[in-house]
Amino acid sequence: LEFSKNNTFLFSPCFPQLEDEISTLRQVLAAKEKHLVEIKQKLGISLMNELKQNFSKSWHDMQTTSAYKKTHETLSHAGQKATAAISNVGTAISKKFGDMRNSPTFKSFEEKVETTVTSLKTKVGGTGHTGSSFEDVLSSTAHASAQSSLAGTRLPESEEELQC
């Protein structure tokens, strides 16, 4: 709206009255807000309780929306698919390791390790076990290694040496 100087003159008397009404309304609002705070204190309603209630209501309202339900359903389905895929990958890896263990290359490697260990045991003074499994060879090698590291350790010969 455009006001001319004449119209402005007509509205001028209204300004003070409007400003007084606004001031009065602000005072009434402040008094009512103060009264509300007092009532809440008497009822034991704290700001934290209000926030919790507002959050719970908002969360519930959000969960009931169709967008949330669709998203939840989609993510749940995707999670199930991912779990199945990971399970399949684990099974495939296990099968590959099994296949690798039975491969000619691994068998050849296993035989070379067994031969080397048997040779080392013979040189160290142990007895060679022909036809041992790979696990037996590794176990006996660890045992031989432990014995050779103890070879330089002198054991006490009397009770006096044992006492500190």
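Begin by selecting isoleucine 93, which is found in helix α4 (residues 66–101). The model on display is a predicted one. Isoleucine 93 has a relative accessibility of 44% and counts as partly exposed. Add Val89, Phe97 and Met100 to the selection: together with Ile93 they form a nonpolar patch on the surface, with about 390 Å² of accessible area.

Remain in helix α4 and select lysine 95 and aspartate 99, which lie four residues apart, about one turn of the helix. Their side chains meet in a salt bridge, at 3.1 Å from N to O. Lysine 95 is exposed, at 56% relative accessibility, whereas aspartate 99 is partly exposed, at 38%.

Now display the whole chain. It contains seven helices and zero strands, and the pattern along the sequence reads α-α-α-α-α-α-α. The chain has 164 residues, of which 7% count as buried. Its accessible surface comes to about 14,600 Å², and carbon and sulfur atoms account for 62% of that area.

How many salt bridges does the structure hold? The count comes to three. One of them joins glutamate 50 and lysine 40, with 2.7 Å between N and O. Glutamate 50 belongs to helix α3 (residues 47–63) and lysine 40 to helix α2 (residues 14–43), so this pair ties together parts that are 10 residues apart in sequence. Both ends should be inspected on the surface view: glutamate 50 is partly exposed at 24% relative accessibility, and lysine 40 is partly exposed at 22%.

Proceed along helix α3 to lysine 57 and aspartate 61, which are four residues apart and separated by about one helical turn. They form a salt bridge whose closest N and O atoms are 3.0 Å apart. Lysine 57 counts as exposed, at 53% relative accessibility, while aspartate 61 is partly exposed, at 36%.

The final stops concern aromatic rings, of which the structure holds two pairs. Select tryptophan 59 and tyrosine 68: their pair is edge-to-face, with 6.2 Å from centre to centre and 75° between the planes. Tryptophan 59 is partly exposed, with a relative accessible area of 39%, and tyrosine 68 is also partly exposed, with 26%.

Next, select phenylalanine 106 and phenylalanine 109. Is this pair stacked, edge-to-face or tilted? The ring centres are 6.3 Å apart and the planes stand at 50°, so the pair is tilted. Both residues lie in helix α5 (residues 104–124), three residues apart, about one turn of the helix. Phenylalanine 109 counts as partly exposed, at 47% relative accessibility.

How values were computed: Residues numbered from 1 in each chain as written. Predicted model: local features only at pLDDT ≥ 70, side-chain atom pairs only at ≥ 80, totals over all residues. Heavy atoms only, no water. Helix = DSSP H or I, 4+ residues; strand = E, 2+ residues; numbered from the N terminus. Buried < 20%, exposed > 50% of the residue type's maximum accessible area, 1.4 Å probe, protein only. Areas by Shrake-Rupley, 256 points an atom, 1.4 Å probe, with all protein chains shown as cover. Phe/Tyr/Trp six-rings, centres within 6.5 Å; stacked < 30°, edge-to-face > 60°. Patch = residues over 30% accessible without salt bridge, like charges linked within 9 Å, V, L, I, M, F, W, Y side chains within 5 Å. Salt bridge = Lys/Arg side-chain N within 4 Å of Asp/Glu carboxyl O.
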